[in-house]
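Q: Could you take a close look at one part of this model for me? I'd like a walk through the sheet and the pieces packed around it.

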Amino acid sequence: MIVVGLPNALGFDEGICKFFNYKLIKVHSKIFPDGETYVRIPESVSGKVIIVQSFFPNQNDRIMEVLLTLNALNELGVKDIVGVFPYMAYTRQDKIFMKGEPISIKALLKIFEEFNLSYLVTVDVHNPNAIKQYFKGNFMNIIPSKVFASYLRKKLSSNDIIIVSPDLGGIKRAEALAKELNTDFIYLEKFRDRITGEVSLKSSVKTNIKNKVAVIVDDIISTGGTIALASKYLKKRGIKEIFVVCSHGLFVRDSISKIKSSGVKEIVSLNTVKPVKGITYLDVIPLVNMILRDVVIG
Ligand code: R5P
């Protein structure tokens, strides 16, 4: 098996090659003066190939690199391709919220399929059901609760912890983490204005959370609005301390200061996107390798 590392593989390509003793080929890429993307696979490849790329930052360029690499592989005769995409962009537009919109993830998956991507491996995708619905190939969504749990166990006593999903969509994520830590979870209800993007919380928490330590868990942090809102909400209800764990910390604009000033003590993310200052990063590469070994490659 050959691993083809794209420009934003973030060490996942090297990690896989080291673990399995596979050969790594790095894609050559550049941007033409007019902004177009160019890629080239500098060696000949055949058989089954794993391509590796995270879709952030600059998701549109990252996706273009993936599409061009897939086509380059196809042109070389490679028709069995595993995509290891630790962070996938465009997953939140997984349905039509307002008439006239696309289902972005469907569009993306259709193109991947067209270019012979036969197995899609990702980490904590926003809505796994949407991928299952729109992708005909094999699909593996790696759940990182064990990685979060082992970090949190070292920091906090599980008697005090309450796991919080900041919205309904994240219930399963919160439930999985609570199970790992043998503690309870609650969820909040978030409403997002589809036009302004503004979010608000409209439901109240029935469980007694006074003096607990809250661990808010989410898949993506983008502007930080969701987490800041949840954090303020929890503080008002007597929560003692707040930690945040997310799989993909995109941290756009002033999100980190927004979250911290809402009362969050520590923000933890996986290393599926480029690291930034002020965040604790947990390495998910060993878990990805184990799942590749036990499930994907077999
Ligand atoms: C949305 O449903 C996701 O699970 C995240 O909660 C959302 O993407 C976070 O975005 P932001 O940080 O901009 O509030």
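A: Here is a tour of the sheet, its strands, the helices and a few unusual backbone spots.

Keep in mind that this is a predicted model. Start with the sheet itself: six strands make up an open sheet, in the order 2-1-5-6-7-8, and the pairing is parallel. At the edges you'll find strand 2 (23-26) and strand 8 (138-142), each of which pairs on one side only. On average, neighbouring strands here are turned by 20° against each other, ignoring direction. As background, strands of a sheet pair through backbone hydrogen bonds, and they can do so parallel or antiparallel.

Now zoom in on strand 5 (residues 48-52) and strand 6. These two run parallel and are joined by five bridges. If you want to trace the pairing by eye, look for Ile51, whose bridge partner in strand 6 is Gly83, and then for Val52, which has Val84 as its bridge partner in strand 6. Strand 6 (residues 80-85) is mostly covered, with five of its six residues buried.

Helix 1 belongs in this picture too. It lies across strand 1, strand 2, strand 5 and strand 6, and runs at about 160° to strand 2.

Leading into helix 1 is a spot worth a look. Leu10 sits in the loop between strand 1 (2-5) and helix 1 (12-20). Its phi is positive, about 55°, although Leu10 is not a glycine. Leu10 is partly exposed, with a relative accessible area of 25%. Leaving aside residues up to four places away in sequence, Leu10 touches Ser54, Asn271, Thr272, Val273, Lys274 and Ile285. Take Lys274 from that list: Leu10 and Lys274 are 264 residues apart along the chain, and their C-alpha atoms are separated by 7.2 Å.

Next, follow the chain out of strand 5. The loop between strand 5 and helix 2 holds Pro57, and the peptide bond joining Phe56 and Pro57 is cis, with omega about 0°. Asn58 lies in the loop between strand 5 and helix 2 as well. Asn58 has a positive phi of about 55° and is not a glycine. Its relative accessibility is 47%, so Asn58 counts as partly exposed.

After that loop comes the helix pair. Two packed helices are described by the angle between their axes and the distance between the axes. For helix 2 (residues 59-75) and helix 3 (residues 104-114), the angle is about 20° and the axes are 10 Å apart. Angles under 35 degrees count as roughly parallel, and helix 2 and helix 3 are therefore roughly parallel to each other. The crossing of helix 2 past helix 3 is left-handed.

As for who meets whom, helix 2 brings Ile63, Val66, Leu67, Leu70 and Asn74, while helix 3 brings Leu108, Ile111, Phe112 and Glu114. Sorted by class, that contact has seven nonpolar residues, one polar and one charged.

Definitions and conventions. Residues are numbered from 1 along each chain as its sequence is written. This is a predicted model: local features need pLDDT of at least 70, side-chain atom pairs count only at pLDDT 80 or more; totals for chains, interfaces and linings use all residues. Side-chain values use heavy atoms; hydrogens and water are left out. Axes are lines fitted to C-alpha atoms, for helices over the stretch in contact, and angles run from 0 to 180 degrees between N-to-C directions. Helices (H or I, at least four residues) and strands (E, at least two) are DSSP runs, numbered from the N terminus. Angles under 35 degrees count as roughly parallel, over 145 as roughly antiparallel, 65 to 115 as roughly perpendicular and the rest as oblique. A crossing is left-handed if the near helix is turned anticlockwise from the far one by less than a right angle, and right-handed if clockwise. Contact means heavy atoms within 4.5 Å. Ala, Val, Leu, Ile, Met, Phe, Trp, Tyr, Cys and Pro count as nonpolar, Asp, Glu, Lys and Arg as charged, and the others, Gly among them, as polar. Buried means under 20% relative accessible area, exposed over 50%, partly exposed in between (1.4 Å probe, protein chains only). Two strands pair if DSSP finds at least two bridges between them.
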